[in-house]
Amino acid sequence: MAKWTPKHEAPEPLEGPVVATITGGTILWFVLFLVQLPFYGWFDDHGHLWWVWTCLAGGGLGLIGIWYVRGRDAALKRAAAAQTGSGETSGDTPGATA
């Protein structure tokens, strides 16, 4: 069996509004949680209580996701700024002020 080798270069990853997407998804999870709260008894009676807690977990994980993608976005912007200004301030350390 021959080893698999790629026939072409992998495409560049797509960049989009990542922070807005994660924030929107997090808000949606919390809204779904709040909408289901009045029906807590029904979910409990029918064995579907995990639906409520899944929405809360999705919202909580979304908060972690927002923190992560905001940091990633800031790091990408710092790297792009450092790359465009690398000719002028090549000896400076990131974050240092004169």
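**Exercise 1. Classify D73 by accessibility and describe its salt bridge.**

Step 1. D73 has a relative accessible area of 29% and is therefore partly exposed. Buried means under 20% relative accessible area, exposed over 50%, and partly exposed in between (1.4 Å probe, protein chains only). The model is a predicted one, in which local features need pLDDT of at least 70 and side-chain atom pairs count only at pLDDT 80 or more, while totals for chains, interfaces and linings use all residues. Residues are numbered from 1 along each chain as its sequence is written, and side-chain values use heavy atoms, with hydrogens and water left out.

Step 2. The partner of D73 is K77, with the closest N and O atoms 3.4 Å apart. A salt bridge is a side-chain nitrogen of Lys or Arg within 4 Å of a carboxyl oxygen of Asp or Glu.

Step 3. Both residues lie in helix 3, four residues apart, about one turn of the helix. Helices (H or I, at least four residues) and strands (E, at least two) are DSSP runs, numbered from the N terminus. An α-helix has 3.6 residues a turn, so residues three or four places apart point the same way.

Step 4. K77 has 56% relative accessibility and counts as exposed.

**Exercise 2. Find how many salt bridges there are, and state which parts of the chain the bridge of E15 links.**

Step 1. The count is two salt bridges.

Step 2. E15 pairs with R72, and the closest N and O atoms are 3.0 Å apart. This bridge links distant parts of the chain: E15 is in the segment before helix 1 and R72 in helix 3, 57 residues apart.

Step 3. E15 is exposed at 52% relative accessibility, whereas R72, at 32%, is partly exposed.

**Exercise 3. Describe the chain and the span of helix 3.**

Step 1. The protein chain has three helices and zero strands, in the pattern α-α-α along the sequence.

Step 2. Helix 3 has 36 residues. From its first C-alpha to its last it reaches 53 Å, close to the 52 Å expected at 1.5 Å a residue. The expected span is 1.5 Å times one less than the number of residues in the helix.

Step 3. Of the 98 residues in the protein chain, 14% are buried. In helix 3 the buried residues are L49, V52, C55, G58, G59, G62, G65, I66 and V69. They pack against helix 1 and helix 2. Contact means heavy atoms within 4.5 Å.

Step 4. Among contacts in the protein chain with a separation of 6 or more, 59% join residues 24 or more positions apart.

**Exercise 4. Take T26 and Q36 and list what each touches, leaving aside neighbours within four places in sequence.**

Step 1. T26 is in helix 1 and is buried, at 4% relative accessibility. T26 is in contact with G59, G62, L63 and I66.

Step 2. Q36 is also found in helix 1 (residues 18-36). With a relative accessible area of 13%, Q36 is buried. Its contacts are F43, W51, V52 and C55.

Step 3. A polar atom of the Q36 side chain lies 3.3 Å from the backbone nitrogen of V52.

**Exercise 5. Identify the members of the largest nonpolar core.**

Step 1. A nonpolar core is a set of buried Ala, Val, Leu, Ile, Met, Phe, Trp, Tyr and Cys residues joined through side-chain atoms within 4.5 Å.

Step 2. The largest core has five residues: F33, F43, L49, V52 and C55. Helix 3 gives the most to this core, with three residues.

Step 3. Not counting residues up to four places away in sequence, C55 touches W29, L32, F33 and Q36.

**Exercise 6. Count the aromatic pairs and characterise the one between Y40 and W53.**

Step 1. Rings of Phe, Tyr and Trp (its six-membered ring) pair if their centres lie within 6.5 Å; planes under 30 degrees apart count as stacked, over 60 as edge-to-face and the rest as tilted. The whole structure holds five aromatic pairs.

Step 2. The rings of Y40 and W53 are 6.2 Å apart, centre to centre, with 80° between the planes, an edge-to-face pair. Y40 lies in helix 2 (residues 40-45) and W53 in helix 3 (residues 49-84), so the pair ties together parts that are 13 residues apart in sequence.

Step 3. Y40 is partly exposed at 32% relative accessibility, and W53 is partly exposed at 42%.

Step 4. Ring pairs also link W42, F43, W50 and W51 into a cluster.

Definitions and conventions: A polar contact is a pair of N or O atoms within 3.5 Å; within protein, one must be able to donate a hydrogen and the other to accept it, and residues adjacent in sequence count only if both atoms are side-chain atoms.
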